[in-house]
Amino acid sequence: MSVINKQRSDQVFWGVVFIGLALLFWLNWWWPGILFVIGVAAIVRNLAEGKAWSSERGARVLLAVGLVFALGDRLDVLGSLGGALWPVLLIVVGLYLLYGQRARSS
């Protein structure tokens, strides 16, 4: 990738982040809204770099976690599943992101 394309993809990423932050201020929806902003910005950066949107695994995880929390707030799912389950689930997802690719390649 050339430097010009990298610079442009960075501009697109930060443009989406700032627009997303403005929407979060306006709507006062910080959690899980910030997860959606970062996830969408990462996907848009991939698209600006000419990659497939699905190649950004971390962004998809952020969107999925954000969706779980957004639906949990609306459907009261988080309270019914127990408070200790969610931190454990987030730790498992984090460990998978850190070590999952390494475990599959060996």
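This talk goes through the salt bridges, the aromatic pairs and one surface patch of the structure above.

A word on the basis first: this is a predicted model, in which local features need pLDDT of at least 70 and side-chain atom pairs count only at pLDDT 80 or more, while totals for chains, interfaces and linings use all residues. Residues are numbered from 1 along each chain as its sequence is written, and side-chain values use heavy atoms, with hydrogens and water left out.

Let me begin with the salt bridges, where a side-chain nitrogen of Lys or Arg must lie within 4 Å of a carboxyl oxygen of Asp or Glu; by this rule the count comes to 2. In one of them the side chains of Asp10 and Arg45 meet, at 3.1 Å from N to O, and this pair links distant parts of the chain, since Asp10 sits in helix α1 and Arg45 in helix α2, 35 residues apart. Helices here are DSSP runs (H or I, at least four residues), numbered from the N terminus. Asp10 is partly exposed because its relative accessible area is 24%, given that buried means under 20%, exposed over 50%, and partly exposed in between, with a 1.4 Å probe and protein chains only. Lys51 forms a salt bridge with Glu49, their closest N and O atoms being 3.2 Å apart; Lys51 is partly exposed at 42%, whereas Glu49, at 18%, counts as buried.

Arg45 also has an aromatic partner: its charged end sits over the ring of Phe13, 4.1 Å from the centre, where the criterion asks for NZ of Lys or CZ of Arg within 6 Å of the ring centre and within 35 degrees of the ring normal.

Phe13 brings us to the rings, because it forms one aromatic cluster with Trp14 and Phe18. Rings of Phe, Tyr and Trp (its six-membered ring) pair if their centres lie within 6.5 Å, with planes under 30 degrees apart called stacked, over 60 edge-to-face and the rest tilted, and a search of the whole structure finds 5 such pairs. Among them, Trp14 and Phe18 are tilted, at 6.3 Å centre to centre and 40° between the planes. Both lie in helix α1, 4 residues apart, about one turn of the helix. Phe25 and Trp30, in contrast, are edge-to-face, at 4.9 Å and 90°.

Finally, which residue lies in the loop between α1 (3–27) and α2 (33–48)? That is Trp29, partly exposed at 34% relative accessibility.

Notes: Helices (H or I, at least four residues) and strands (E, at least two) are DSSP runs, numbered from the N terminus.
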